[in-house]
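Colleague: Could you take me through one part of this model closely, namely the salt bridges and the burial of the residues that form them? I would like a connected account rather than a list.

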Amino acid sequence: MKIAFASGKGGTGKTTVAVNVAHILQQHGADVQLLDCDVEEPNAHLFLQPRIDRSIPATVRRPEVAEAHCTGCGICADYCEFNAITVFKNTVIVFPELCHGCGVCAEFCPERIITETDRFIGVIEGGDAGGTGFVQGRLNVGEALAPPLIRQVKEKAPAAAVTLVDCPPGTSCPVIEAVRDVDLVVLVSEPTPFGLYDLTLMAATLKTLAIPAGVVVNRCDIGNDELYEFCRRENLPVLAEIPHDRQIAASYSRGALITEALPAYRDIFDRLWEKVLTLLPSRQVPK
(Lines give C-alpha, C1' and ligand atoms only; values in the text may rest on other atoms or scores of the structure.)
Protein backbone atom coordinates (compact mmCIF):
# COMPACT_ATOMS: atom_id res chain seq x y z
CA MET A 1 0.00 0.00 0.00
CA LYS A 2 1.05 3.57 -0.62
CA ILE A 3 0.47 6.42 1.82
CA ALA A 4 1.34 10.01 0.93
CA PHE A 5 2.09 12.82 3.36
CA ALA A 6 1.12 16.20 1.97
CA SER A 7 0.26 19.75 2.97
CA GLY A 8 -1.09 22.77 1.21
CA LYS A 9 1.84 24.85 2.45
CA GLY A 10 5.40 24.30 3.54
CA GLY A 11 6.55 24.22 7.13
CA THR A 12 3.61 22.32 8.62
CA GLY A 13 5.68 19.31 9.71
CA LYS A 14 4.85 17.01 6.80
CA THR A 15 8.35 15.52 6.59
CA THR A 16 8.54 15.24 10.38
CA VAL A 17 5.40 13.11 10.45
CA ALA A 18 6.48 11.00 7.45
CA VAL A 19 9.93 10.08 8.78
CA ASN A 20 8.65 9.29 12.27
CA VAL A 21 5.91 7.03 10.89
CA ALA A 22 8.55 5.28 8.78
CA HIS A 23 10.72 4.78 11.85
CA ILE A 24 7.83 3.45 13.94
CA LEU A 25 6.89 0.95 11.24
CA GLN A 26 10.48 -0.20 10.88
CA GLN A 27 10.69 -0.68 14.64
CA HIS A 28 7.61 -2.89 14.44
CA GLY A 29 9.30 -5.02 11.77
CA ALA A 30 7.31 -3.77 8.77
CA ASP A 31 8.66 -3.90 5.23
CA VAL A 32 8.62 -0.13 4.71
CA GLN A 33 10.25 2.39 2.43
CA LEU A 34 10.10 6.16 2.24
CA LEU A 35 10.19 8.08 -1.04
CA ASP A 36 11.24 11.72 -0.71
CA CYS A 37 9.39 13.30 -3.64
CA ASP A 38 10.05 16.87 -2.54
CA VAL A 39 12.71 16.83 -5.26
CA GLU A 40 13.42 20.56 -5.24
CA GLU A 41 14.44 20.46 -1.59
CA PRO A 42 14.61 16.88 -0.24
CA ASN A 43 15.32 16.73 3.48
CA ALA A 44 14.03 13.38 4.78
CA HIS A 45 17.61 12.06 4.61
CA LEU A 46 18.61 14.51 7.36
CA PHE A 47 16.44 12.54 9.81
CA LEU A 48 16.69 8.96 8.53
CA GLN A 49 20.43 9.17 7.78
CA PRO A 50 20.32 6.54 5.01
CA ARG A 51 23.38 4.84 3.55
CA ILE A 52 23.10 5.82 -0.13
CA ASP A 53 24.39 2.96 -2.26
CA ARG A 54 22.99 3.78 -5.69
CA SER A 55 22.53 6.87 -7.81
CA ILE A 56 21.16 7.02 -11.34
CA PRO A 57 20.59 9.98 -13.65
CA ALA A 58 17.06 11.18 -14.32
CA THR A 59 16.33 12.38 -17.82
CA VAL A 60 13.49 13.58 -20.00
CA ARG A 61 13.24 13.36 -23.75
CA ARG A 62 13.68 16.56 -25.70
CA PRO A 63 13.07 17.14 -29.42
CA GLU A 64 15.73 17.93 -31.97
CA VAL A 65 14.67 19.21 -35.37
CA ALA A 66 16.51 18.74 -38.66
CA GLU A 67 15.70 22.27 -39.79
CA ALA A 68 17.17 21.83 -43.25
CA HIS A 69 14.22 19.58 -44.08
CA CYS A 70 11.53 21.51 -42.16
CA THR A 71 8.64 22.85 -44.23
CA GLY A 72 7.48 25.21 -41.49
CA CYS A 73 4.01 23.65 -41.32
CA GLY A 74 3.74 24.34 -37.58
CA ILE A 75 1.95 21.08 -36.76
CA CYS A 76 4.46 20.30 -34.00
CA ALA A 77 3.71 23.62 -32.30
CA ASP A 78 -0.04 23.16 -32.72
CA TYR A 79 0.03 19.82 -30.90
CA CYS A 80 2.38 20.88 -28.07
CA GLU A 81 0.24 21.61 -25.01
CA PHE A 82 3.19 23.06 -23.11
CA ASN A 83 4.30 25.70 -25.68
CA ALA A 84 7.72 24.06 -25.69
CA ILE A 85 8.13 24.32 -29.45
CA THR A 86 7.26 27.09 -31.88
CA VAL A 87 7.76 27.76 -35.56
CA PHE A 88 8.72 31.19 -36.87
CA LYS A 89 8.82 31.20 -40.66
CA ASN A 90 11.01 28.15 -41.34
CA THR A 91 12.84 28.28 -38.01
CA VAL A 92 11.84 25.86 -35.24
CA ILE A 93 12.59 27.02 -31.69
CA VAL A 94 12.58 24.47 -28.86
CA PHE A 95 12.31 25.57 -25.21
CA PRO A 96 13.75 22.54 -23.35
CA GLU A 97 12.78 23.85 -19.91
CA LEU A 98 9.11 23.69 -20.92
CA CYS A 99 9.26 20.33 -22.71
CA HIS A 100 7.62 17.44 -20.83
CA GLY A 101 9.06 14.82 -23.17
CA CYS A 102 5.67 13.53 -24.31
CA GLY A 103 6.86 12.91 -27.88
CA VAL A 104 3.77 14.36 -29.55
CA CYS A 105 5.78 16.69 -31.78
CA ALA A 106 7.83 13.81 -33.18
CA GLU A 107 4.75 11.60 -33.57
CA PHE A 108 2.78 14.09 -35.65
CA CYS A 109 5.58 15.67 -37.68
CA PRO A 110 4.53 14.90 -41.29
CA GLU A 111 8.16 15.04 -42.50
CA ARG A 112 9.46 12.79 -39.69
CA ILE A 113 12.38 15.15 -39.08
CA ILE A 114 12.00 15.44 -35.29
CA THR A 115 14.04 13.05 -33.17
CA GLU A 116 14.40 12.88 -29.39
CA THR A 117 17.46 12.92 -27.15
CA ASP A 118 17.85 12.67 -23.38
CA ARG A 119 18.13 15.79 -21.25
CA PHE A 120 19.56 15.40 -17.75
CA ILE A 121 17.28 16.93 -15.07
CA GLY A 122 18.53 15.42 -11.81
CA VAL A 123 19.42 12.23 -9.96
CA ILE A 124 17.61 9.45 -8.15
CA GLU A 125 19.38 8.15 -5.05
CA GLY A 126 18.54 5.06 -3.04
CA GLY A 127 19.75 3.21 -0.02
CA ASP A 128 18.90 1.85 3.40
CA ALA A 129 18.16 3.67 6.64
CA GLY A 130 18.52 1.06 9.37
CA GLY A 131 16.06 -1.30 7.73
CA THR A 132 13.89 1.36 6.12
CA GLY A 133 14.18 1.54 2.35
CA PHE A 134 14.92 5.02 1.09
CA VAL A 135 14.67 6.70 -2.32
CA GLN A 136 14.92 10.39 -3.09
CA GLY A 137 15.10 12.64 -6.13
CA ARG A 138 17.31 15.68 -6.47
CA LEU A 139 16.28 18.14 -9.17
CA ASN A 140 19.02 20.13 -10.86
CA VAL A 141 19.26 23.76 -9.70
CA GLY A 142 17.22 25.95 -12.03
CA GLU A 143 15.32 23.02 -13.52
CA ALA A 144 11.58 23.62 -13.83
CA LEU A 145 10.32 20.08 -14.44
CA ALA A 146 9.77 18.42 -11.09
CA PRO A 147 6.91 16.05 -12.13
CA PRO A 148 9.02 13.83 -14.46
CA LEU A 149 11.61 13.34 -11.72
CA ILE A 150 8.92 12.56 -9.14
CA ARG A 151 7.43 10.02 -11.52
CA GLN A 152 10.82 8.37 -11.99
CA VAL A 153 11.46 8.26 -8.23
CA LYS A 154 8.24 6.28 -7.84
CA GLU A 155 9.01 4.03 -10.80
CA LYS A 156 12.57 3.22 -9.66
CA ALA A 157 11.59 2.44 -6.07
CA PRO A 158 11.63 -1.27 -5.25
CA ALA A 159 8.47 -3.02 -4.15
CA ALA A 160 7.62 -2.85 -0.44
CA ALA A 161 4.64 -3.77 1.71
CA VAL A 162 4.31 -0.14 2.80
CA THR A 163 5.50 2.80 0.72
CA LEU A 164 5.41 6.24 2.31
CA VAL A 165 5.59 9.23 -0.04
CA ASP A 166 6.83 12.56 1.30
CA CYS A 167 5.23 15.07 -1.09
CA PRO A 168 6.31 18.57 -2.04
CA PRO A 169 4.26 21.45 -0.60
CA GLY A 170 1.43 23.12 -2.46
CA THR A 171 -1.29 21.81 -4.76
CA SER A 172 0.37 22.19 -8.16
CA CYS A 173 1.62 19.63 -10.69
CA PRO A 174 4.45 18.15 -8.54
CA VAL A 175 1.97 17.33 -5.77
CA ILE A 176 -0.51 15.81 -8.21
CA GLU A 177 2.23 13.55 -9.57
CA ALA A 178 3.33 12.58 -6.04
CA VAL A 179 -0.17 11.57 -4.85
CA ARG A 180 -1.17 9.87 -8.09
CA ASP A 181 -1.91 6.15 -7.45
CA VAL A 182 -1.61 6.33 -3.63
CA ASP A 183 -4.23 4.69 -1.41
CA LEU A 184 -4.50 7.46 1.17
CA VAL A 185 -3.13 10.94 1.82
CA VAL A 186 -2.23 12.13 5.31
CA LEU A 187 -2.63 15.91 5.32
CA VAL A 188 -0.43 17.68 7.85
CA SER A 189 -1.75 21.10 8.82
CA GLU A 190 -1.75 23.60 11.65
CA PRO A 191 -4.64 25.55 13.24
CA THR A 192 -3.71 28.94 11.81
CA PRO A 193 -5.45 31.01 9.10
CA PHE A 194 -2.75 30.12 6.57
CA GLY A 195 -2.81 26.47 7.58
CA LEU A 196 -6.58 26.28 7.24
CA TYR A 197 -6.63 28.08 3.89
CA ASP A 198 -4.06 25.74 2.34
CA LEU A 199 -5.74 22.70 3.87
CA THR A 200 -8.97 23.66 2.10
CA LEU A 201 -7.11 23.80 -1.22
CA MET A 202 -5.50 20.41 -0.71
CA ALA A 203 -8.73 18.81 0.48
CA ALA A 204 -10.53 20.10 -2.62
CA THR A 205 -7.74 18.74 -4.82
CA LEU A 206 -7.96 15.28 -3.28
CA LYS A 207 -11.74 15.29 -3.56
CA THR A 208 -11.38 15.95 -7.29
CA LEU A 209 -8.88 13.09 -7.54
CA ALA A 210 -11.13 10.82 -5.44
CA ILE A 211 -8.29 10.00 -3.00
CA PRO A 212 -9.28 9.49 0.66
CA ALA A 213 -7.52 11.57 3.29
CA GLY A 214 -7.11 12.23 6.98
CA VAL A 215 -5.54 15.11 8.88
CA VAL A 216 -2.70 15.43 11.36
CA VAL A 217 -2.90 18.69 13.31
CA ASN A 218 0.59 19.85 14.18
CA ARG A 219 1.11 22.50 16.86
CA CYS A 220 -2.48 21.77 17.78
CA ASP A 221 -2.57 24.15 20.73
CA ILE A 222 -1.56 27.41 19.01
CA GLY A 223 -4.78 28.31 17.17
CA ASN A 224 -8.54 28.07 17.30
CA ASP A 225 -11.18 25.50 16.39
CA GLU A 226 -11.83 26.60 12.79
CA LEU A 227 -9.62 23.87 11.35
CA TYR A 228 -11.45 21.21 13.35
CA GLU A 229 -14.78 22.58 12.23
CA PHE A 230 -13.61 22.36 8.62
CA CYS A 231 -12.53 18.74 9.13
CA ARG A 232 -15.92 17.83 10.59
CA ARG A 233 -17.74 19.59 7.78
CA GLU A 234 -15.66 17.87 5.08
CA ASN A 235 -15.68 14.48 6.82
CA LEU A 236 -11.89 14.50 7.19
CA PRO A 237 -10.92 12.39 10.21
CA VAL A 238 -8.32 13.85 12.55
CA LEU A 239 -5.69 11.13 12.79
CA ALA A 240 -3.37 12.71 15.35
CA GLU A 241 -2.59 15.90 17.24
CA ILE A 242 0.96 17.01 17.95
CA PRO A 243 1.40 19.77 20.56
CA HIS A 244 3.52 22.88 20.21
CA ASP A 245 6.49 21.65 22.23
CA ARG A 246 9.88 23.38 22.31
CA GLN A 247 11.55 20.00 22.75
CA ILE A 248 10.14 18.86 19.41
CA ALA A 249 11.54 21.97 17.72
CA ALA A 250 14.92 21.40 19.37
CA SER A 251 15.08 17.76 18.27
CA TYR A 252 14.04 18.77 14.75
CA SER A 253 16.84 21.35 14.57
CA ARG A 254 19.33 18.59 15.44
CA GLY A 255 17.96 16.29 12.75
CA ALA A 256 16.68 13.86 15.39
CA LEU A 257 13.55 11.74 15.13
CA ILE A 258 10.86 12.67 17.65
CA THR A 259 10.18 9.01 18.39
CA GLU A 260 13.84 8.52 19.33
CA ALA A 261 14.61 11.81 21.07
CA LEU A 262 11.27 12.04 22.89
CA PRO A 263 9.94 8.51 23.51
CA ALA A 264 6.84 9.90 25.22
CA TYR A 265 5.56 10.89 21.78
CA ARG A 266 5.81 7.41 20.30
CA ASP A 267 2.19 6.68 21.19
CA ILE A 268 1.02 9.54 18.97
CA PHE A 269 2.59 7.93 15.90
CA ASP A 270 1.48 4.42 16.87
CA ARG A 271 -2.11 5.59 17.17
CA LEU A 272 -1.77 7.60 13.97
CA TRP A 273 -0.85 4.47 12.06
CA GLU A 274 -3.66 2.49 13.64
CA LYS A 275 -6.14 5.12 12.45
CA VAL A 276 -4.59 5.10 8.96
CA LEU A 277 -5.26 1.37 8.72
CA THR A 278 -8.91 1.86 9.60
CA LEU A 279 -9.33 4.12 6.57
CA LEU A 280 -8.00 1.54 4.12
CA PRO A 281 -9.87 -1.38 2.54
CA SER A 282 -8.85 -4.60 4.28
CA ARG A 283 -7.21 -5.94 1.12
CA GLN A 284 -4.66 -3.11 1.28
CA VAL A 285 -3.60 -3.67 4.86
CA PRO A 286 -0.36 -5.67 5.07
CA LYS A 287 -0.57 -8.91 7.00
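Modeller: K154 is buried in this predicted model, because its relative accessible area is 13% and the cut-off for buried is under 20%. Its salt-bridge partner is D181, with the closest N and O atoms 3.3 Å apart. K154 belongs to helix α5, whereas D181 lies in the loop between α6 and β9, so the pair ties together parts that are 27 residues apart in sequence. D181, for its part, counts as partly exposed at 40% relative accessibility. The pair does not stand alone, since salt bridges that share partners join K2, K154 and D181 into one network.

Helix α5 also carries R151, which forms a salt bridge with E177 in helix α6, and here the closest N and O atoms are 3.4 Å apart. These two residues are 26 residues apart and again link distant parts of the chain. E177 counts as buried at 10% relative accessibility, while R151, at 28%, counts as partly exposed.

Further along the chain, R219 forms a salt bridge with E190, and the closest N and O atoms of that pair are 2.5 Å apart. Both residues sit in loops, R219 between β10 and α8 and E190 between β9 and α7, with 29 residues separating them. E190 counts as buried, its relative accessibility being 8%. The pairs described here are among the 13 salt bridges that a search of the whole structure finds.

Definitions and conventions. Residues numbered from 1 in each chain as written. Predicted model: local features only at pLDDT ≥ 70, side-chain atom pairs only at ≥ 80, totals over all residues. Heavy atoms only, no water. Salt bridge = Lys/Arg side-chain N within 4 Å of Asp/Glu carboxyl O. Helix = DSSP H or I, 4+ residues; strand = E, 2+ residues; numbered from the N terminus. Buried < 20%, exposed > 50% of the residue type's maximum accessible area, 1.4 Å probe, protein only.
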